[in-house]
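I opened the notebook to record what I looked up in this structure. The entries follow the order in which I checked things.

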Amino acid sequence: MITVKRILLVLFIIFGCLVSVKAKDRKEIKGVLITASCDTIHGYLKKTSEKKQFESILFRKISEFEYKEYCPLFIEAFISDEFSLISHKIMINNIDQYIFIKKIYDGTMNLYFSRLDLNSDLINDYYDLFFVEIEDGLVIQLKKQFLIRTLMAIFNDSDCTLSEIDTERFDYYYYKGSKLIDLFTTYDKCQPPGLVFKSNQKKAKILRP
């Protein structure tokens, strides 16, 4: 005969399984959210399409179940083991606004990617945007019209990297993410040991330039 205790035990097991499945079904990334006022919040970022992610993010604290929407203006950064998002100020049609940029290469100089559907022609004639973080939190945009000139300038101390830049190719489609990452990888490999050691001892950077 089934006892009350057994019934309760079965219900407890079923409930535990449902909670476990629900948690596993969550498409989210654990990380740290840093607000514009420098508050540090541990929690989970909801995975969304990359296109939407650059406009705003959905984030919940560890102790909460509901997500809250955050736009770049009120966020300094989201940092996780998988990737980092940083809020960056950019001028569009003579108006300053903040967008999220995503780190796609972490090295002596960091490379970021973003996407802007609205008014993209005012930026570089294409949806994809690339940014370079050099020293002391300085972030610059690799604009189409100055792309070759900018790459030559930031890699000026590395002959082996400069040799990989095709100065005859002014095509922004040619210098996409994979090609740019190759250049940054080459730059790190070509550095003298002293410079590599120095870059590993970098001070904490100011994320909002």
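I began with a definition: a residue is buried when its relative accessible area is under 20%, exposed when that area is over 50%, and partly exposed in between. I also noted that the model I was reading is a predicted one.

**Entry: salt bridges**

I searched the whole structure for salt bridges and found four. I looked up Arg60 and found that Glu28 is its partner, with 2.8 Å between the closest N and O atoms. I checked where the two sit: Arg60 belongs to strand β3 (residues 57-61) and Glu28 to strand β1 (residues 28-35). They are 32 residues apart, so I wrote the pair down as one that links distant parts of the chain. By the definition above, Arg60 and Glu28 are both buried.

Next I took Lys176, which forms a salt bridge with Asp128 at 2.6 Å between the closest N and O atoms. This pair also links distant parts of the chain, with Lys176 in the loop between α4 and α5, Asp128 in strand β9, and 48 residues from one to the other. Is Asp128 buried or exposed? Its relative accessible area is 6%, so I entered Asp128 as buried. For Lys176 the value is 22%, and therefore I entered Lys176 as partly exposed. I then found that Arg115 joins Asp128 and Lys176 in a network of salt bridges.

I also looked up Lys103, which pairs with Asp106; here the closest N and O atoms are 3.9 Å apart. Lys103 has 23% relative accessibility, so it counts as partly exposed. Asp106 has 56%, so it counts as exposed.

**Entry: nonpolar cores**

I asked how many residues the largest nonpolar core has. The count is 33, and Leu151 and Phe155 have the most contacts inside this core. Apart from it I found another core, of eleven residues, including Ala77, Ile99, Leu129 and Val139. I added a general remark: in soluble globular proteins, nonpolar side chains tend to be buried together.

I listed what Phe155 is in contact with, leaving out neighbours within four places in sequence. The list is Met109, Thr161, Leu162, Ile165, Leu183, Phe184 and Tyr187.

**Entry: helix α5**

I turned to α5, which covers residues 177-190 and has 14 residues. From first C-alpha to last, α5 reaches 20 Å, close to the 20 Å expected at 1.5 Å a residue. Which residues of α5 are buried? I noted Gly177, Leu180, Leu183, Phe184, Thr186 and Tyr187. Leu183, Phe184 and Tyr187 were already in my list of contacts of Phe155. I then looked up what covers the buried residues of α5, and the cover includes strands β7 (95-105), β8 (110-115) and β9 (128-133), with helices α3 (147-154) and α4 (159-162).

**Entry: two single residues**

I looked up Ser84 and found it in strand β6 (residues 84-92). Ser84 counts as buried because its relative accessibility is 13%. Not counting residues up to four places away in sequence, Ser84 touches Phe78, Ile79, Ile101, Lys102 and Lys103.

Last I checked Cys38, which is in the loop between β1 and β2 (40-46). Its phi is near 70°, a positive value in a residue other than glycine. Most residues other than glycine have a negative phi. The relative accessible area of Cys38 is 60%, so I entered Cys38 as exposed.

Methods. Residues are numbered from 1 along each chain as its sequence is written. This is a predicted model: local features need pLDDT of at least 70, side-chain atom pairs count only at pLDDT 80 or more; totals for chains, interfaces and linings use all residues. Side-chain values use heavy atoms; hydrogens and water are left out. A nonpolar core is a set of buried Ala, Val, Leu, Ile, Met, Phe, Trp, Tyr and Cys residues joined through side-chain atoms within 4.5 Å. Buried means under 20% relative accessible area, exposed over 50%, partly exposed in between (1.4 Å probe, protein chains only). Contact means heavy atoms within 4.5 Å. Helices (H or I, at least four residues) and strands (E, at least two) are DSSP runs, numbered from the N terminus. The expected span of a helix is 1.5 Å times one less than its number of residues. A salt bridge is a side-chain nitrogen of Lys or Arg within 4 Å of a carboxyl oxygen of Asp or Glu.
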